[in-house]
Amino acid sequence: MQHEAQARSYLDRMTTIEKIGQLNLLAAGEGLATGAGAETPLARRLDDGMIGAVFGIKSLASAKAMQERAVRGSRLGIPLFFAEDVIHGHRTVFPLPVALACSWDMDLIEETAHFAAREAASEGLNQVFAPMIDVSRDPRWGRVAESPGEDPFLAGRIAAATVRGFQGTDPSEQDRVAACLKHFVAYGATQSGRDYDNASMALEDLLTVHLRPFADGVTAGAASVMAAFNAVNKVPMHANGDLIEGWLRSGQGFDGLMVSDYTGVMELTAHGIGNRDAAVIRALLAGVDMDMVGEDYLHALPQLAENGIDAADSGLSLGADEVLDLIDRACLRVLTFKARVGLLDDPFARLGGSVATPPRDEGLALAQKAAAQSAVLLHNNGVLPLSGEANPALVGPFVADRANMLGTWAVSGDAREVRTLQEAMEDITGRALPTAFGANIVDEPWLVDRLNVHGQTVSFDDRDPDDMIAEALDAARDADVVIAAVGEAKEHAGESSSRLVPDLPFPQRELLRALSRTGKPLIVLVFAGRPLALGPEVNDADAVIYCWHGGLRGPDGVADLVFGRSNPSGRLATTLPAHPAQTPLHHSEEATGRPDPGRFQKFRTGWLDLPDGFRGYPFGFGLGYSEIEYGTPVVNSAQISGDGQLQVHVEVMNTGSREQLETVQLYLSDPVAWITRPARWLADFRQVRIAPGATERVAFTITRGMLSYWVAPSLANATLEWDPGEFQIHIGPNSRDTKTVSLQWLE
Ligand code: BGC
């Protein structure tokens, strides 16, 4: 309220044009690198008070120059706010968000977000376009990389942890920034995994799967939200008032700022909702307060504010007063946001260089730890961990790679600061290791061009592939173990990088096939931006670690695991499909009348042409270097009624010889209900550190709310229902290998 009052004191004195200027969110472009006197198109707009905020500033000096110009240029001295895409770290690049999700460690996730906030704030930023909390169940979609994975409960926990990390208790504090939950909503449910495509689904699924993380992010206090490019159930999100003004604001109590995603307002025209005027009015009506990059608010609103709109073909008829009210509403939210991040008190608070940049070493150590915790050990026949005396050969296109290790959406990262896998491993072994490139990442030159769209990260070796393989075999000749570093380029994933076939590219599979024929133990490290169907070439290796793209210290974190300096604890936040065409898929599918028996059976759900024995890996899966055994879950009462709470516990034993950070996962199922429910769903998890030989008792509380489901004849009339009777609790190390206890929960 106090922020809104502060904002209102400006609003009441502003002209309509000044208000419209506040709704304009622009990319900095070249910024004002030469100081506040610079004469660029951006500078002239600042003089005219036509910009409310800028993203993509390149330096503190440029931001300061822009702010001086904006404050001077606006009659009332209203400052800009500065935003940036800080998706998995800022200067210090951490593992991809989907990788961090695999740590299941909320303290770690909060810590990485806080570190990124400290770096961002020290460069004058007020807002970050993160966290991205689109539940993603289609490995073809490139933006899985930025996502929290496939599960809404885990995504909700991550949303809250990241918001806490960015904002703390107050985003105006010197080491904090405002979070921006994105992309609202169901962007991850895009048809066929094609980026920017639309999504249609039952409202129950929308509520259960895609809206849930937003509810959790709002509860955690997120100061802003970004609309998604897609339509949901036929209504483009930039025009979706039922979801933005309705569900998000009225339903969840979100009182922050809503920004468009890039030219999302303009794109309403291509979506088919009408011309520019109609697009602008629909977006404002829906509750999109700021227009990013497109400048349609800026150009269309002055006229609309004078004349209103009467567009029968778009179904719009608003008088000038109504348009003015919409402008006021949006502008008040922009100014309230500025008040909330402290800018109306002091526009230069973080522009004078007084906010300390956090120590680089601290960030790099955190990045290395995060990379080790994000990687998932999928398979190990005992070859791992290697001893320091091992004599490995390093083979594959990612052995000496820097740029791809950063991963997609690392806009402020510097690939030159990445340490390669070779450097990391040679540091540990203390000697030079034999290496070979082995294979191109992909063998289609046109694809190489597409992958190099943001600068060259993929080199193409035009030697005969057999010669490259021969060189790799040569490197392996005197080694006692072969480590193959394979996977995807950074631009294989990310925005506008949907893949038809999410598998390991052909030349790399050929390389693995040849390496496996040497008979030497083969360790495969997969560096990727999405969950890949690995195929037999990877699965038949002696050990496999799914490393994702781990950021500046990704290779070091992985090397620590390989040589046993860290113990693997990562658990998949997305199912790894057995076959690339088995998409979309996830662990919480609804029960069918003809359940999948696990191998092909006629007249049961499944695939005719999927060979039996093709291996995928279930959600939540991951191995350690120790042996963990689970007892059977014990409930404090097998029958309960009403609103009570149930306690369940399980004994988890470390029977191996190393400490293990174990993620104990709790799933629920409702075998008898009025509707078909998911075969199981994740309801809680706990991480415990278990010493060798020790047993930990891990307890959970089950509430009735955890058993309920949405029934939604419409969004406004959605209710949570539950069916008394039998429920099951499944506890274990992943979504498949659980032990079950049943109970009765009565009315
Ligand atoms: C992306 C957003 C991003 C924005 C600004 C868009 O293309 O979808 O996630 O925040 O660009 O860079």
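The side chains of T738 and R680 are joined by a polar contact of 2.8 Å. That is a good place to start in this structure, which is a predicted model.

**Around T738**

Where does T738 sit in the fold? T738 belongs to the loop between β28 (725-732) and β29 (739-746). Is T738 buried or exposed? T738 has a relative accessibility of 17%, and because buried means under 20%, T738 counts as buried. Setting aside the neighbours within four places in sequence, the residues in contact with T738 are Y667, R680, H730, I731 and G732. R680 thus appears in this list of contacts and also as the side-chain partner in the 2.8 Å polar contact.

**Around the ligand**

Now let us turn to the ligand. Its surroundings comprise 13 residues, and the closest are D85, R143, K182, H183 and D261. By class, this shell is made up of 7 nonpolar, 1 polar and 5 charged residues.

For some of these residues, distances from side-chain N or O atoms to an oxygen atom of the ligand are available:

| Residue | Distance from a side-chain N or O atom to a ligand oxygen atom |
|---|---|
| R143 | 2.7 Å |
| K182 | 2.8 Å |
| H183 | 2.7 Å |

How much of the ligand's accessible area does the protein cover? On its own the ligand has 320 Å² of accessible area, and the protein covers 94% of this.

With the structure open, you can follow both sites in turn: the T738 side chain with its partner R680, and then the ligand with R143, K182 and H183 among its closest residues.

Key:
Residues are numbered from 1 along each chain as its sequence is written. This is a predicted model: local features need pLDDT of at least 70, side-chain atom pairs count only at pLDDT 80 or more; totals for chains, interfaces and linings use all residues. Side-chain values use heavy atoms; hydrogens and water are left out. A residue is near a molecule or strand if one of its heavy atoms lies within 4 Å of it. A polar contact is a pair of N or O atoms within 3.5 Å; within protein, one must be able to donate a hydrogen and the other to accept it, and residues adjacent in sequence count only if both atoms are side-chain atoms. Accessible areas come from the Shrake-Rupley method with a 1.4 Å probe; for residues, only the protein chains shown count as cover. Ala, Val, Leu, Ile, Met, Phe, Trp, Tyr, Cys and Pro count as nonpolar, Asp, Glu, Lys and Arg as charged, and the others, Gly among them, as polar. Helices (H or I, at least four residues) and strands (E, at least two) are DSSP runs, numbered from the N terminus. Buried means under 20% relative accessible area, exposed over 50%, partly exposed in between (1.4 Å probe, protein chains only). Contact means heavy atoms within 4.5 Å.
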